Amino acid sequence: MKTYSVQLQAQEQLAEGTSAFHFTKPAGFEFIAGQALDLILGEQGDADSEWDVRHTFSIVAAPHENELVIATRMRDSRFKQRLKELPVGTQVQVEGPFGELTLDKDLTRAAVFIAGGIGITPFMSMLRDAAQQQRQQDLLLLYSNRRPEDSAFLSELQQLSQNNPRFKLIATMTKMEGSTQEWSGITGYLNAQRIQEYCQELSRPIYYISGPPMLVEAMHDLLDEAGVDADDVLSEGFLGY
Ligand SMILES: Cc1cc2nc3c(=O)[nH]c(=O)nc-3n(C[C@H](O)[C@H](O)[C@H](O)COP(=O)(O)OP(=O)(O)OC[C@H]3O[C@@H](n4cnc5c(N)ncnc54)[C@H](O)[C@@H]3O)c2cc1C
């Protein structure tokens, strides 16, 4: 895998406690929507572990875009502190791309994306790519968050689904009692019955799950309960959450 030098262009708040970081895209950095990279912030000093200077992130930007973007929940870890305090214009390293969570080439099969919270990141790249390519495929996103305040990219996703009759967005909120925003969509956790209902008209779907490992595991169990063949499920657990 190659290491590239990139420059921080901007930091942007996407949702409560969630930020995106925009970097220049180096020449020769080719990737497939859904892949990830390692972001390396400086050298590992005596007091640091590798974890303090290197984290893996899915690439939010689509391959046709001329920047590299990652998005993350901001926490108090040493890595995230460094990231937050990184001045615009700083050069850092990225290594990659890598990862197998990419769309199947068979357009006759529907793609069902299941994202918990920040697990939306690889799907943003895939959905932006699908829009740009005018991909002729049924796409369904089941996106679960606690509250609208926590939901990154929600308005962009609503816009993408309005522009593409073959892309359906189902966003659910699981903790609306803690929200001050209005929400007219569905609430509560995804369950096997809901998944069966949303997917019943789709042709031979392939399921893609992304998010914290506990969510990924729970969704595997739900899909199993819903009668989905394990061979039709691809997933990526965001180790470290
Ligand atoms: C393929 C892939 C894609 C990912 N994409 C994203 C993304 O798009 N956005 C995003 O926010 N995150 C993503 N992640 C997760 C990301 O790499 C971080 O793990 C996450 O952001 C938590 O970082 P933190 O600094 O907040 O965690 P910390 O608070 O430092 O640690 C969280 C937990 O991880 C444990 N931990 C400590 N050291 C290690 C170690 N060396 N390896 C593993 N766990 C350790 C800690 O004990 C703690 O329990 C992805 C992970 C993978 C593998």
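1. R54 is partly exposed, with a relative accessible area of 21%, and in this predicted model its side chain meets that of D38 in a salt bridge, with N and O 2.8 Å apart. The two residues belong to separate strands, R54 to β4 (residues 54-58) and D38 to β3 (residues 36-40), so the pair ties together parts of the chain that are 16 residues apart in sequence. D38, for its part, counts as buried at 10% relative accessibility, because the cut-off for that term is a relative accessible area under 20%.

2. A second salt bridge is made by the side chains of R128 and E156, at 2.7 Å from N to O. This pair links distant parts of the chain, since R128 sits in helix α3 (residues 121-133) and E156 in helix α4 (residues 154-163), 28 residues apart. Here the arginine, R128, is buried, with a relative accessible area of 16%, whereas the acidic partner E156 is partly exposed, with a relative accessible area of 27%.

3. A third salt bridge joins D138 and R166, whose closest N and O atoms are 3.0 Å apart. Both partners lie in loops, D138 in the one between α3 and β8 (139-145) and R166 in the one between α4 and β9 (167-173), so that parts 28 residues apart in sequence are tied together. D138 counts as partly exposed at 28% relative accessibility, and R166 counts as partly exposed at 30%.

4. Salt bridges that share partners also join D38, E50, R54 and E95 into one network, and the pair of R54 and D38 described in the opening point is a salt bridge between two of these residues. For the structure as a whole, a search finds 13 salt bridges.

5. Turning to the ligand, 19 residues surround the molecule, and the closest of them are T72, S77, L239, G240 and Y241. The strands β4, β5 (67-73) and β12 (233-237) each supply at least two residues of this shell, and the largest share, four residues, comes from β4. Strand β4 is also the strand in which R54 lies, while its salt-bridge partner D38 lies in β3.

6. Polar atoms of the protein approach the ligand at several positions, including A71, where a polar backbone atom is 2.9 Å from a nitrogen atom of the ligand. Side chains take part as well: a polar side-chain atom of S77 lies 2.5 Å from an oxygen atom of the ligand, and a polar side-chain atom of R75 lies 3.3 Å from an oxygen atom of the ligand. Taken alone the ligand exposes 990 Å², of which the protein buries 70%. The space that the ligand takes is the second largest pocket.

7. T72, one of the closest residues to the ligand, is found in strand β5 and is buried, with a relative accessible area of 0%. The side chain of T72 is joined to that of Y241 by a polar contact of 3.3 Å, and Y241 is likewise listed among the closest residues around the ligand.

Key. Residues are numbered from 1 along each chain as its sequence is written. This is a predicted model: local features need pLDDT of at least 70, side-chain atom pairs count only at pLDDT 80 or more; totals for chains, interfaces and linings use all residues. Side-chain values use heavy atoms; hydrogens and water are left out. A salt bridge is a side-chain nitrogen of Lys or Arg within 4 Å of a carboxyl oxygen of Asp or Glu. Buried means under 20% relative accessible area, exposed over 50%, partly exposed in between (1.4 Å probe, protein chains only). A residue is near a molecule or strand if one of its heavy atoms lies within 4 Å of it. A polar contact is a pair of N or O atoms within 3.5 Å; within protein, one must be able to donate a hydrogen and the other to accept it, and residues adjacent in sequence count only if both atoms are side-chain atoms. Accessible areas come from the Shrake-Rupley method with a 1.4 Å probe; for residues, only the protein chains shown count as cover. On a 1 Å grid over the protein atoms alone, a cavity is a set of points where a 1.4 Å probe fits but cannot get out, and a pocket is an open set with protein on both sides within 12 Å along at least five of seven lines; lining residues have an atom within 4 Å of a point. A molecule sits in a cavity or pocket if more than half of its atoms lie within 2 Å of its grid points.
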